[in-house]
2 protein chains.
Amino acid sequence: MPSNVRARTDPAIETARSVVETGLDSGAVVTIFGECTVEYDGRAASTLGPGDRHVMCKPDGTVLVHTDEGHQPVNWQPPGCTHEVSITDDALVLDSQRDNPDERLVVTFDAVEHVAAFDVTDPEELSLSGTEEDLRQRILAEPSLIEPGFTPLATERETPAGAVDIYGEDGDGRAVVLELKRRRVGPDAVGQLARYVEALQRDLHAETGVRGILVAPSVTDRARSLLAERELEFVALEP
Amino acid sequence: MPSNVRARTDPAIETARSVVETGLDSGAVVTIFGECTVEYDGRAASTLGPGDRHVMCKPDGTVLVHTDEGHQPVNWQPPGCTHEVSITDDALVLDSQRDNPDERLVVTFDAVEHVAAFDVTDPEELSLSGTEEDLRQRILAEPSLIEPGFTPLATERETPAGAVDIYGEDGDGRAVVLELKRRRVGPDAVGQLARYVEALQRDLHAETGVRGILVAPSVTDRARSLLAERELEFVALEP
DNA sequence: GTGTACATCTCGACC
DNA sequence: GGTCGAGGTGTACAC
């Protein structure tokens, strides 16, 4: 059985170029480790001087440049880019570009210390729970978690300010807007709820006010006082 | 000169364990490629069935699990975690945990096709331009970009709703709040500006209203109408 | 440590 | 293709 991996440590530059080019052409995930500089120009612009980094090129056009710290790549290119590899002045150059927006990432390796091409077979999808969608399902299955008498009427109900997570009415027939968050919320969520309540109020020409309820595990102090100022409510609930 | 890289293709499982453990202990960036399953439990919870993935462990405690698609890792652990590697039932198991919040990621490799440890030396910092901070500097250097007579008085001015990007006054001495965005803005930015304007209005007990100006390259239609409803303004400006 | 807002955010869904 | 909001968001910075 042939290996799914083609790798070289401290390769000659032409060998490195070959592994990368062959890998990219065959739809492999290609990684390059070595001393490099990185130039980026697009939505923003950046430069990164010489240092050791790990670069990953995916067959979907993604590029990721990782240092030894942090979850986030120091530089990257999103899916959909086209990469080219070449040798210029004894350096291995990876050039990744895209349109809309016009963006370009160029990684120049003075020295390649490792290169690898991985044939990836991954049939599985991630199964994730504990999302906002789970919270929504919980409430729709048991509306009394919000308060006795609450009745959901629609999800994703459109308003001039955007779609409301859950729209319904309370035991007295008043319109209720729910904004759901899977985690502790700050002022931004209050602003969002306030927008929806105001928009719906205008839209319905309601005589009685539209109630707005923020549903989340907890709120910060500032968010709580913003809720109070706007006469909005809070219900503690987890996904 | 000894190589900065220790790598093995299709290693025996004990060899793989040794390279990973030695690498983690020495502060190297360690990568493992092979067929694995992934279990995560923490802020949310997830499972991922068998497939080929590329796993990177950084010396700061970061773990990244990448498939062949997308910018984002399919699973990960943020910096600050402690990882352990072991062999259980002929599988290589990577166990990464942290407290606050309690989170655990377990990657189980049925087969390791490649393993590598990279000694990283990276003295450079990223130099980035085109950020919101650049836009702020541009306005402070030339306030008339907002409008003739505008005078900045403070940045990060605190209000009960949060800190205002730039606070100042117009040619008539009216208070002005600027909210800056480096890119095209939607309804969320309008909500943010509205919160600040309302909070400052209350705070100042101003007789004349506080003006709110959104400064960004452009706005969506919905954001524009929300601005109009709230009598907020827009100035087109890029970073 | 928590709170707050930015980010080349990315990503998916819907229009 | 643009708009919109979620995200296990991560990240820096202020309190």
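This report walks through a predicted model of two protein chains and two DNA strands, covering the protein interface, the DNA surfaces, the empty spaces and some backbone details.

## Ground rules

Residues are numbered from 1 along each chain as its sequence is written, while chains are lettered from A and ligands numbered from 1 in the order in which they are written. Because the model is predicted, local features need pLDDT of at least 70 and side-chain atom pairs count only at pLDDT 80 or more, while totals for chains, interfaces and linings use all residues; side-chain values use heavy atoms, with hydrogens and water left out.

## Where the two protein chains meet

Let's start with the protein pair. Chain B has 69 residues in contact with 70 residues of chain A, where contact means heavy atoms within 4.5 Å. The size of an interface is often given as the accessible area lost when the parts come together. Here the buried area is about 5,600 Å², with carbon and sulfur atoms giving 53% of it (accessible area for a 1.4 Å probe that two parts lose on being put together, summed over both). On the chain B side, B:Asp68, B:His71 and B:Arg195 supply 11% of the area buried against chain A, more than any other three residues.

## Around DNA strand C

There are 27 residues around DNA strand C, and A:Arg43, A:Arg184, A:Thr220, B:Lys181 and B:Arg182 come nearest; a residue counts as near when one of its heavy atoms lies within 4 Å. Sugar or phosphate accounts for 83% of the strand C atoms within 4 Å of the protein, and bases for the rest. By class, this surface has eight nonpolar, nine polar and 10 charged residues (nonpolar: Ala, Val, Leu, Ile, Met, Phe, Trp, Tyr, Cys and Pro; charged: Asp, Glu, Lys and Arg; polar: the others, Gly among them).

Some polar contacts (pairs of N or O atoms within 3.5 Å) are worth displaying. A:Arg43 places a polar side-chain atom 2.5 Å from a base oxygen of strand C. B:His71 and B:Gln72 use backbone N or O atoms instead: that of B:His71 is 2.7 Å from a phosphate oxygen of strand C, and that of B:Gln72 is 3.1 Å from one. Both β5 (75-77) of chain A and α3 (187-204) of chain B supply at least two residues of this surface, and α3(B) gives the largest share, three residues. These elements are DSSP runs numbered from the N terminus, with helices being H or I of at least four residues and strands E of at least two.

## Around DNA strand D

DNA strand D has 29 residues around it, with A:Arg182, B:Trp76, B:Arg184, B:Thr220 and B:Arg222 coming nearest. Of the strand D atoms within 4 Å of the protein, 81% belong to sugar or phosphate and the rest to bases. The surface comprises nine nonpolar, 10 polar and 10 charged residues.

Phosphate oxygens of strand D are approached by several chain A residues. A backbone N or O atom of A:His71 lies 2.8 Å from one, a polar side-chain atom of A:Gln192 lies 3.2 Å from one, and a polar side-chain atom of A:Arg195 lies 3.5 Å from one. The elements giving two or more residues to this surface are α3 (187-204) of chain A and β5 (75-77) of chain B.

## Cavity and pocket

Rolling a probe the size of a water molecule over the atoms shows where empty space is left. On a 1 Å grid over the protein atoms alone, a cavity is a set of points where a 1.4 Å probe fits but cannot get out, whereas a pocket is an open set with protein on both sides within 12 Å along at least five of seven lines; lining residues have an atom within 4 Å of a point. Points are joined across faces, edges and corners, and volume is the space filled by probe spheres set on them.

The search finds one cavity of 30 Å³ or more, with a volume of about 40 Å³. Its lining consists of A:His54, A:Met56, A:Leu64, A:His66, B:Met56, B:Leu64 and B:His66, which divide into four nonpolar, three polar and no charged residues.

The largest pocket has a volume of about 420 Å³. It is lined by 17 residues, of which A:Arg182, B:Tyr40, B:Arg43, B:Ala44 and B:Glu103 are closest to its centre. β5(B) contributes the largest share of the lining, three residues.

## Backbone details

Most residues other than glycine have a negative phi, and most peptide bonds are trans. A cis peptide bond joins A:Asn100 and A:Pro101, with omega about -5°, and the bond from B:Asn100 to B:Pro101 is cis too, with omega near -5°. A:Pro101 lies in the loop between β7 (91-98) and β8 (103-118) of chain A. A:Asp10, in the loop between β1 (5-9) and α1 (13-25) of chain A, has a positive phi of about 45°.

Definitions and conventions:
Polar contact = N/O pair within 3.5 Å; in protein donor to acceptor, adjacent residues only side chain to side chain.
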